[in-house]
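Here is a short briefing on one protein model. Pockets, core and helix geometry are taken in turn.

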Amino acid sequence: MLTEGERQKLFDMYKKIQALKWENNLLMVQPDEQKTAEWVKKTWELWNNGLEEMLSKTCKKLSNSWTTIRFESDKQTYHG
């Protein structure tokens, strides 16, 4: 359904999301108004600079792929 390149791009975006998530966790433990404002700005920039578009394209591709998916009917046998 996804190419290796697409999986890598998704993983790279996932790493950015995780970094933001952990920054947010730290802000929950150590609240700081200025750092929170910077976090919101970084999160909004990530959304506007590729995340929204990437997620939309990926969702459409996966949705279309599921409508045409075919399963192999070959039965696997164990020779152990």
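Where in α2 is the kink centred, and how many degrees is the kink? The kink in α2 is centred on N48 and comes to about 55 degrees. The model is a predicted one. Two helices recur below: α1, spanning 4–29, and α2, spanning 33–67.

**Helix packing**
- Buried positions in α2 are W39, L46, G50, L51, M54, T58 and S65.
- These buried α2 residues pack against α1.
- M54 is one of the buried residues of α2. Leaving aside residues up to four places away in sequence, M54 touches K9, L10 and M13.

**Nonpolar core**
- Seven residues form the largest nonpolar core: M13, L20, L27, W39, L46, L51 and M54.
- Both α1 and α2 supply at least two residues of this core.
- α2 has the largest share of this core, with 4 residues.
- M13 and M54 both belong to this core, and M54 touches M13.

**Largest pocket**
- The largest pocket holds about 210 Å³ of space.
- Its lining consists of L2, E6, K9, L10, G50, E53, M54, K57, T58 and K61.
- Two elements, α1 and α2, give two or more residues each to this lining.
- α2 provides the largest share of the lining, 6 residues.
- Sorted by class, the lining of the largest pocket has 5 charged, 3 nonpolar and 2 polar residues.
- Some lining residues also appear under helix packing: G50, M54 and T58 line the largest pocket and are buried in α2.
- K9 and L10 are in this lining too, and M54 touches both K9 and L10.

**Second largest pocket**
- What is the volume of the second largest pocket? The volume is about 170 Å³.
- The residues that line the second largest pocket are E23, L26, L27, Q30, D32, K35, E38, W39 and K42.
- Here too, α1 and α2 are the elements that give two or more residues to the lining.
- α2 gives the most, with 4 residues.
- By class, the lining of the second largest pocket has 5 charged, 3 nonpolar and 1 polar residues.

**Residues shared between core and pockets**
- Which core residues also line a pocket? M54 lines the largest pocket, while L27 and W39 line the second largest pocket. M54, L27 and W39 are among the members of the largest nonpolar core.

Technical notes. Residues are numbered from 1 along each chain as its sequence is written. This is a predicted model: local features need pLDDT of at least 70, side-chain atom pairs count only at pLDDT 80 or more; totals for chains, interfaces and linings use all residues. Side-chain values use heavy atoms; hydrogens and water are left out. On a 1 Å grid over the protein atoms alone, a cavity is a set of points where a 1.4 Å probe fits but cannot get out, and a pocket is an open set with protein on both sides within 12 Å along at least five of seven lines; lining residues have an atom within 4 Å of a point. Grid points are joined across faces, edges and corners, and a volume is the space filled by probe spheres set on the points. Ala, Val, Leu, Ile, Met, Phe, Trp, Tyr, Cys and Pro count as nonpolar, Asp, Glu, Lys and Arg as charged, and the others, Gly among them, as polar. A nonpolar core is a set of buried Ala, Val, Leu, Ile, Met, Phe, Trp, Tyr and Cys residues joined through side-chain atoms within 4.5 Å. Buried means under 20% relative accessible area, exposed over 50%, partly exposed in between (1.4 Å probe, protein chains only). Contact means heavy atoms within 4.5 Å. The bend at a residue is the angle between axes fitted to the seven residues ending there and the seven starting there.
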